Amino acid sequence: MTSVAPLKTSAMIASFADPGQKTAPTPFGHALVKAAQADDRIVGLTADLGKYTDMHIFAREFPDRFFQMGMAEQLLFGAAAGMAETGLVPFASTYSVFAARRAYDFICLDIAEPNLNVNVVGGLPGLTTGYGPSHQATEDVAIFRGMPNLTIVDPCDSVDIEQAVPQLAEHPGPTYLRLLRGNVPTVLDEYDYTFELGKAKVLRGGNDVVLISSGLMTMRALQAAEKLSAHNVDVAVVHTPTIKPFDAETVLAQVDTDRLVVTLENHTVVGGLFETVASAAVRRGLAKQITPIGLPDEFLAAGALPTLHERYGLSTPRIVATVLDRL
């Protein structure tokens, strides 16, 4: 029997930051602590994943305002709903797959229907783990987009996360944050950028191609734009950190030109950013072809994260190749 060397765990959960890239440690945890120092209504909860959703930073600073619910996601969100009913502002963290698949009904009926200020924090969104379909939340946005009242945020980097947390706390209704954790790249500080809930931002202009992106794919879009300049291709990048409600005005102003339009998302091409942009364009009456870059409509393989990003088209070289092929 031929032996196969096991994949190293570090490669399967490796940061998507490039070697030598500027990063910030646990930006969500530190941002939540800062927000809680200014607002004593904020509480933190997790379902046995404090360390792996950076909630342990909050727990260490505010042990009396932290609640460990154990491996019981439905209980986690039911308890968060009850806390919100009393006037508290809960941030409840688990992995995205467990929130979207295991606890959907509780989030829908306990939190979204009464429009409570509960902030669902989902770790390992999309293809940010090599652990396979049990942990890869490739369809979480598609699942949650149909839920009334729920705001969905897909941050790019530490800047997005740090600025989003206090705005989510102040937002009166429920929110879902696709969490990037650990050592998170810092990218948007170089683009005169400020996160505004519900708003898309044009990070750079370009005459040939428009890349409309969310989440970590905005980082890749910016990298691809730089690489494409060597091919004399001028690329604009539009970052859409809020998927719902969608900033159609900003995005469609960029779509309605003669440039190639490409969407990039760390999510299946079913029900995510691509379909959000395309449906908005159709409703506006724009006859425009939009090329999606995203994960395929299938259960993905387990393995080393950089290998998987290359295999499924999320790596910078694959993005560059796709754009050049479409031009």
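**Exercise 1.** In which loop does Asn115 lie?

*Solution.* The model is a predicted one. Asn115 belongs to the loop between α6 (104-112) and β5. Next, look at the backbone: the phi of Asn115 is positive, about 60°, although the residue is not a glycine. Last, take the accessibility. Buried means under 20% relative accessible area and exposed means over 50%; at 36%, Asn115 therefore counts as partly exposed.

**Exercise 2.** Place Asp54 in the chain and decide whether it is buried or exposed.

*Solution.* Begin with the location: Asp54 sits in the loop between β2 and α3 (55-61). Asp54 is not a glycine, yet it has a positive phi of about 65°. With a relative accessible area of 0%, Asp54 is buried.

**Exercise 3.** Give the strand order of the open sheet and find its edges.

*Solution.* Seven strands make up the open sheet, in the order β3-β2-β4-β5-β7-β6-β12, with mixed pairing. The edges are held by β3 (66-68) and β12 (242-244); each has a single partner strand, so one side of each has no neighbour in the sheet. From one strand to the next, the twist averages 20°.

**Exercise 4.** Describe the surroundings of strand β4, beginning with its partners.

*Solution.* Step one is the pairing with β2 (residues 42-46): five bridges join that strand to β4 (residues 89-95), and the two run parallel. Within this pair, Val43 stands opposite Pro90 of β4. Helix α4 (residues 73-85) packs on the sheet, where it touches β2, β3, β4 and β5 (119-123); the direction of α4 makes about 170° with that of β4. Step two is the pairing with β5: β4 and β5 also run parallel and are joined by five bridges. Here Tyr95 is found opposite Gly123 in β5. Step three is burial: seven of the seven residues of β4 are buried, so the strand is largely enclosed by the rest of the structure.

**Exercise 5.** Which residues touch the most other members of the largest nonpolar core?

*Solution.* This core has 62 residues, and those touching the most other members are Phe28, Ile42, Phe58, Phe91 and Leu211. Helix α9 (residues 216-229) gives the most to the core, with eight residues. Now follow Leu211. Beyond its neighbours within four places in sequence, Leu211 has contacts that include Ala221, Val235, Val262 and Val323. Another core, of 45 residues, lies apart from this one; Ala80, Met83, Tyr176 and Val277 are among its members.

**Exercise 6.** At what angle do helix α10 and helix α11 pack?

*Solution.* Helix α10 (residues 248-255) and helix α11 (residues 273-284) pack at about 80°, and their axes are 10 Å apart. Angles of 65 to 115 degrees count as roughly perpendicular, and α10 and α11 are therefore roughly perpendicular to each other. On the α10 side the contact uses Ala248, Glu249, Val251, Leu252 and Val255; on the α11 side it uses Val277, Ala280, Ala281 and Arg284. Sorted by class, the contact has seven nonpolar, no polar and two charged residues.

**Exercise 7.** Where is Cys156 found, and which residues is it in contact with?

*Solution.* The loop between β6 (151-153) and α8 (158-170) holds Cys156. Its relative accessibility is 0%, so Cys156 counts as buried. Outside its neighbours within four places in sequence, Cys156 is in contact with residues including Leu180, Leu188, Met219 and His239.

Notes:
Residues are numbered from 1 along each chain as its sequence is written. This is a predicted model: local features need pLDDT of at least 70, side-chain atom pairs count only at pLDDT 80 or more; totals for chains, interfaces and linings use all residues. Side-chain values use heavy atoms; hydrogens and water are left out. Two strands pair if DSSP finds at least two bridges between them. Helices (H or I, at least four residues) and strands (E, at least two) are DSSP runs, numbered from the N terminus. Axes are lines fitted to C-alpha atoms, for helices over the stretch in contact, and angles run from 0 to 180 degrees between N-to-C directions. Contact means heavy atoms within 4.5 Å. A nonpolar core is a set of buried Ala, Val, Leu, Ile, Met, Phe, Trp, Tyr and Cys residues joined through side-chain atoms within 4.5 Å. Buried means under 20% relative accessible area, exposed over 50%, partly exposed in between (1.4 Å probe, protein chains only). Angles under 35 degrees count as roughly parallel, over 145 as roughly antiparallel, 65 to 115 as roughly perpendicular and the rest as oblique. Ala, Val, Leu, Ile, Met, Phe, Trp, Tyr, Cys and Pro count as nonpolar, Asp, Glu, Lys and Arg as charged, and the others, Gly among them, as polar.
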